[in-house]
Amino acid sequence: MKETDREAVATAVQRVAGMLQRPDQLDKVEQYRRREARKKASVEARLKAAIQSQLDGVRTGLSQLHNALNDVKDIQQSLADVSKDWRQSINTIESLKDVKDAVVRHSQLAAAVENLKNIFSVPEIVRETQDLIEHGELLQAHRKLMDLECSRDGLMYEQYRMDSGNTRDMTLIHSYFGSTQGLSDELAKQLWMVLQRSLVTVRRDPTLLVSVVRIIEREEKIDRRILDRKKQTGFVPPGRPKNWKEKMFTILDRTVTTRIEGTQADTRESDRMWLVRHLEIIRKYVLDDLIVAKNLLAQCFPPHYEIFRSLLRTYHQALSARMQDLAAEDLEANEIVSLLTWVLNTYTSVEMMGNAELAPEVDVALLEPLLSADVVSALLDTYMSTLTSNIIAWLRKALETDKKDWMKETEPEADQDGYYQTTLPAIVFQMFEQNLQVAAQISEDLKTKVLVLCLQQMNSFLSRYKEEAQLYRDEHLRDRQHPHCYVQYMVAVVNNCQTFKESIVSLKRKYLKHEAEEGVSLSQPSMDGVLDAIAKEGCGSLLEEVFLDLEQHLNELMTKKWLLGSNAVDIICVTVEDYFNDFAKIKKPYRKRMIAEAHRRAVQEYLRAVMQKRISFRSAEERKDGAERMVREAEQLRFLFRKLASGFGEEMDSYCDTIVAVAEVIKLTDPSLLYLEVSTLVSKYPDIRDDHIGALLAMRGDASRDMKQTIIETLEQGPAQASPDYVPIFKDIVVPSLNVAKLLK
């Protein structure tokens with residue numbers, strides 16, 4: 001208490017010090033005293049009220065404890081009296097055992113009396129029930145069956161209560177009602193038959209289906225009641241629980257599975273389109289069944305059955321199992337495509353599960369895949385492997401067919417622009433197109449893979465195509481009379497190369513996404529190169545054909561006959577023009593190159609004749625006549641090739657200038673200027689060699705040995721450098737085996 005008093009005084013001093021910090025606050029001392037007095041009075045009042053409340057509570061508690069003690073004493077006394085009375089009445093209770101047994105017997109007899117009518121009428125009820133089942137009156141039949149089962153179960157329960165170990169009486173009752181179980185099984189059989197045809201029945205006679213569902217619901221209630229009684233008494237009648245609701249769903253599951261499996265009407269041996277037909281029938285049946293289930297069947301079942309959801313799950317599981325069975329078979333490539341297209345696309349499309357009539361109950365986004373990713377991957381691998389083999393075989397067969405066409409006696413067909421062509425490009429790319437369209441039905445990824453495969457196989461095919469074209473040329477060169485239409489079919493081969501290039505570009509543009517183009521287009525340069533090589537060789541073969549026919553006339557050039565007045569160049573020009581009338585059937589990109597090559601080759605052959613030392617001019621007059629003739633013939637060739645190239649908008653006559661330049665060297669009258677003229681020639685044509693110069697000077701016939709030696713040696717000291725765009729023309733001209741030393745003599 002002293003400690004508390006000191007703390008109180010200290011607190012009071014602190015508060016007073018806080019209130020009297022300034023002189024002017026001394027005037028308010030009385031005000032402060034009254035305020036603190038009021039606070040003190042208020043606190044004391046609250047303390048008194050709290051203490052009074054606590055005291056009242058304690059007083060009430062003590063009173064209740066006193067009353068409880070008195071009650072406990074009264075209960076204790078009453079229990080003692082009850083115990084005393086119980087001990088005194090034990091003998092009396094034992095003497096009532098006979099009464100107890102009589103009560104039990106009375107209860108059993110009462111049950112027997114209550115069921116007596118049913119007991120005596122059991123055979124009649126069995127017959128009536130059997131008739132009702134046979135006539136399809138299932139509800140009435142079930143009502144009578146329930147009466148029979150109720151009588152049987154009631155008697156057996158009473159017997160069980162009286163003497164659960166007396167199996168003899170239980171067996172007697174069970175055998176007397178033995179027909180009841182048979183009726184139950186027969187009724188169940190009728191119910192299952194209706195359920196198996198529920199999708200048909202609901203459209204023709206929905207009342208029958210409703211009756212079946214009501215019977216099942218009744219049995220479910222009886223099962224629940226008996227199971228509840230089992231927990232209390234341990235008694236279960238025979239044949240219970242029936243679990244007809246569970247069996248109903250089992251029957252529906254089995255019916256769905258059988259319906260899906262039963263849609264396969266054909267086999268591969270009887271119909272190549274068996275799988276397509278099978279899948280289409282499944283699609284139609286499943287869609288029709290689910291629409292009926294949603295709109296009609298669901299109305300015949302209690303909502304808590306969720307019959308549509310259950311059937312949807314059952315159909316999905318049955319379809320998944322069927323698709324897995326089909327995937328496990330040894331399917332062909334087209335069958336794999338049909339299966340995957342159906343599984344990945346058709347199943348979730350508006351043609352089936354995405355149909356508007358199934359919404360919103362069916363959400364395709366929530367449906368599990370019919371086939372696992374591993375199975376789909378394995379099928380795709382098999383498809384790609386089979387497709388690879390098929391494409392190789394198809395390409396080989398197409399090429400063999402095209403080769404047979406090359407041997408025909410009739411010209412190849414022409415396209416709408418008049419260019420010769422064979423059916424090979426159309427056949428090849430029609431095959432590619434079909435396979436890409438099929439792959440696109442499955443997925444974008446497979447479409448890209450098939451495109452890559454087609455391009456890869458196209459690359460290999462073009463190599464074989466090139467080899468076959470070479471063999472075709474070689475065979476013709478062995479006997480130029482056969483094949484009869486060699487030129488026309490070689491023109492078609494060249495044109496096919498351009499068609500192949502255009503078709504490849506078109507195929508990529510149509511089936512390749514832009515983001516994937518970089519990876520796939522790597523094969524394009526390679527194929528373009530092979531196609532250009534095939535076309536170049538084809539054009540070369542055609543030119544070879546031209547120059548083989550010109551060989552006799554080219555051999556007349558730079559001979560005495562030529563100098564005296566030969567028409568060899570006239571014949572050459574007519575022959576070339578005639579051939580190029582046939583070559584007009586070649587497509588422009590290759591025809592343009594071919595004209596340029598023919599121009600170069602013609603000039604080159606002319607120059608080769610110059611270098612053959614077939615003639616040596618003996619006078620200035622001869623050199624003048626020969627040079628002027630060379631210039632005229634160069635102009636003839638120039639006119640010819642300008643005419644052939646007129647449709648391309650470019651002039652390709654620079655090669656003929658080479659003949660004119662060589663003629664200028666031959667025409668020169670002053671031998672002292674030969675070095676200057678030859679130097680000019682060499683500067684224009686850097687690929688000219690000393691043996692070419694020697695042959696040219698030998699053809700003039702007036703250059704001394706020293707002059708020839710000086711010119712050649714001087715030119716060798718400072719060879720001219722060729723410009724980057726210079727096309728060599730002398731490089732491939734071989735001077736006969738006379739060496740330079742002999743030419744200089």
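Helices, as the term is used here, are DSSP runs of H or I with at least four residues, numbered from the N terminus. The exercises below concern a predicted model.

**Exercise 1. Locate the two cis peptide bonds described here, at Pro-360 and at Pro-483, among the helices.**

Solution. Step one takes the bond that joins His-482 to Pro-483, which is cis with omega near -10 degrees. Pro-483 belongs to the loop between α17 (444-478) and α18 (486-511). Step two turns to Ala-359 and Pro-360, whose peptide bond is likewise cis, with an omega of about -5 degrees. Here the proline, Pro-360, sits in the loop between α14 and α15.

**Exercise 2. Determine whether Glu-306 and Met-558, two residues with positive phi, are buried, partly exposed or exposed.**

Solution. Begin with Glu-306, which is not a glycine and yet has a positive phi, near 45 degrees; this residue is placed in the loop between α12 and α13 (307-328). Its relative accessibility is 47%, and since the partly exposed class covers values between the 20% and 50% limits, Glu-306 counts as partly exposed. Continue with Met-558, another non-glycine residue with positive phi, about 60 degrees in this case, found in the loop between α20 (523-554) and α21 (560-565). The relative accessible area of Met-558 is 0%, and therefore Met-558 is buried, the limit for that class being under 20%.

**Exercise 3. Describe the surroundings of Arg-283, starting from its accessibility.**

Solution. First, place the residue: Arg-283 is part of helix α12. Second, classify it: with a relative accessible area of 14%, Arg-283 is buried, because the class takes values under 20%. Third, look for polar partners of its side chain, where a polar contact of 2.8 Å joins Arg-283 to the side chain of Glu-280, and where a polar side-chain atom of Arg-283 also lies 2.8 Å from the backbone oxygen of Glu-351. Fourth, list the contacts, leaving aside residues up to four places away in sequence: Arg-283 touches Trp-342, Thr-346, Glu-351 and Met-352. Glu-351 thus appears both as a polar partner through its backbone oxygen and in the list of contacts.

**Exercise 4. Work out which elements and domains line the largest pocket, and what classes of residue the lining holds.**

Solution. The largest pocket has a volume of about 450 Å³. Of its 24 lining residues, those closest to the centre are Val-276, Asn-334, Val-337, Ser-338 and Gln-441. Two or more lining residues come from each of α12 (274-295), α14 (333-346), α15 (373-406) and α16 (424-442), and among these elements α14 gives the largest share, eight residues. At the level of domains, the lining takes at least three residues from each of domain 2 (245-370) and domain 3 (374-523). Sorted by class, the lining consists of 11 nonpolar, eight polar and five charged residues.

**Exercise 5. Characterise the second largest pocket by its volume, its central residues and the classes in its lining.**

Solution. The volume comes first, at about 370 Å³. Next come the residues: 14 line this pocket, and the closest to its centre are Arg-309, Leu-312, Arg-313, Glu-361 and Leu-367. The last step is the division by class, which yields six nonpolar, two polar and six charged residues for the lining of the second largest pocket.

How values were computed: Residues are numbered from 1 along each chain as its sequence is written. This is a predicted model: local features need pLDDT of at least 70, side-chain atom pairs count only at pLDDT 80 or more; totals for chains, interfaces and linings use all residues. Side-chain values use heavy atoms; hydrogens and water are left out. On a 1 Å grid over the protein atoms alone, a cavity is a set of points where a 1.4 Å probe fits but cannot get out, and a pocket is an open set with protein on both sides within 12 Å along at least five of seven lines; lining residues have an atom within 4 Å of a point. Grid points are joined across faces, edges and corners, and a volume is the space filled by probe spheres set on the points. Ala, Val, Leu, Ile, Met, Phe, Trp, Tyr, Cys and Pro count as nonpolar, Asp, Glu, Lys and Arg as charged, and the others, Gly among them, as polar. Domain bounds come from an automatic or database domain assignment. Buried means under 20% relative accessible area, exposed over 50%, partly exposed in between (1.4 Å probe, protein chains only). A polar contact is a pair of N or O atoms within 3.5 Å; within protein, one must be able to donate a hydrogen and the other to accept it, and residues adjacent in sequence count only if both atoms are side-chain atoms. Contact means heavy atoms within 4.5 Å.
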